[in-house]
Amino acid sequence: MKFERLSPHLGASVIGLDLNTGLGPDEKEALRQALAEHQVLFIRDQPLDAAQQVRLAEAFGTPIKDGHPKFGFVEEREEVSLIVNDADNPPDINVWHTDVTFANPPAGTCVLHCVETPPGGGGNTIWASMMAAWDALSAPMKAFLEPLDGYHQLPLDGFPPKLI
């Protein structure tokens with residue numbers, strides 16, 4: 001298994017890993033180290049069922065059950081949310097967001113497995129490095145931000161933003 005850096009700040013492709021054969025301790029450790037270094041890992045062309053996706057997630061920690069209140073579950077696996085965006089269920093989160101940071105505690109890692117993309121393209125997911133963004137801030141801005149706390153809210157949690 002090897003990792004090919006995709007950009008200066010984040011992202012690497014994982015080459016030579018077959019998730020269908022399972023992960024040994026050394027592979028799990030290599031994935032954790034690569035995630036810490038690259039922040040986003042792409043493991044392409046891996047047909048996974050829900051149980052295999054959960055086993056991959058377990059390489060990074062204990063998967064959250066009931067992870068997202070908006071979406072249903074896959075194959076009765078509470079750790080795997082099913083996200084469907086189509087003509088009958090158009091996406092409502094086509095804005096910048098993070099996944100499951102509203103949970104307490106927030107998810108440390110998200111494992112996404114795309115099964116189908118729109119014909120002709122689309123369905124783009126974009127990542128940004130908050131570490132690189134922080135590093136680019138001036139010292140006065142960092143000093144201003146360091147004592148602040150953030151509140152991550154899912155609009156479905158029942159609290160209008162003005163009440164927070």
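Reader: Where is Gln46 found?

Author: Gln46 sits in the loop between strand 3 and helix 2. Helices (H or I, at least four residues) and strands (E, at least two) are DSSP runs, numbered from the N terminus. This is a predicted model, in which local features need pLDDT of at least 70 and side-chain atom pairs count only at pLDDT 80 or more, while totals for chains, interfaces and linings use all residues. Residues are numbered from 1 along each chain as its sequence is written, and side-chain values use heavy atoms, with hydrogens and water left out.

Reader: What is the mean pLDDT of the chain?

Author: The mean is 84, and 87% of the residues reach 70 or more. The pLDDT is the predictor's confidence in each residue, from 0 to 100. Among the elements of the chain, helix 4 (residues 139-145) has the highest mean, 98, and strand 4 (residues 72-74) the lowest, 77.

Reader: Back to Gln46: is it buried or exposed?

Author: Gln46 counts as buried, because its relative accessibility is 12%. Buried means under 20% relative accessible area, exposed over 50%, and partly exposed in between (1.4 Å probe, protein chains only).

Reader: And what does its side chain reach?

Author: The side chain of Gln46 reaches the backbone oxygen of Leu17 at 2.8 Å. This is a polar contact, a pair of N or O atoms within 3.5 Å; within protein, one must be able to donate a hydrogen and the other to accept it, and residues adjacent in sequence count only if both atoms are side-chain atoms. Leaving aside neighbours within four places in sequence, Gln46 is in contact (heavy atoms within 4.5 Å) with Leu17, Asp18, Leu19, Asn20 and His113.

Reader: Which residue caps the N-terminal end of helix 2?

Author: That residue is Asp49, with a side-chain oxygen 3.1 Å from the backbone nitrogen of Ala51. Within helix 2, the buried residues are Ala50, Gln52, Gln53, Val54, Leu56 and Ala57. Their cover includes helix 1, strand 4 and strand 5 (77-82).

Reader: Turning to helix 1, which of its residues are buried?

Author: They are Leu31, Ala34, Leu35 and His38. Seen down the axis of helix 1, these buried residues fall within an arc of 100 degrees, so they line one face of the helix. The arc is that of the directions from the helix axis to the C-beta atoms.

Reader: Why would such residues point the same way?

Author: An α-helix has 3.6 residues a turn, so residues three or four places apart point the same way.

Reader: What do the buried residues of helix 1 pack against?

Author: They pack against strand 1 (2-5), strand 2 (12-15), strand 3 (41-42) and helix 2 (50-58). On the other side of helix 1, Pro25, Asp26 and Ala36 are exposed.

Reader: What follows helix 1?

Author: Gln39 follows helix 1, in the loop that leads to strand 3. Gln39 has a positive phi of about 75 degrees although it is not a glycine. Most residues other than glycine have a negative phi. Asp45 also has a positive phi, near 55 degrees, and counts as exposed because its relative accessibility is 75%.

Reader: Changing topic, how many disulfides are there?

Author: The structure holds 0 disulfides, a disulfide being a pair of cysteine sulfur atoms within 2.5 Å. Cys110 counts as partly exposed, at 38% relative accessibility, and Cys114 as exposed, at 54%.
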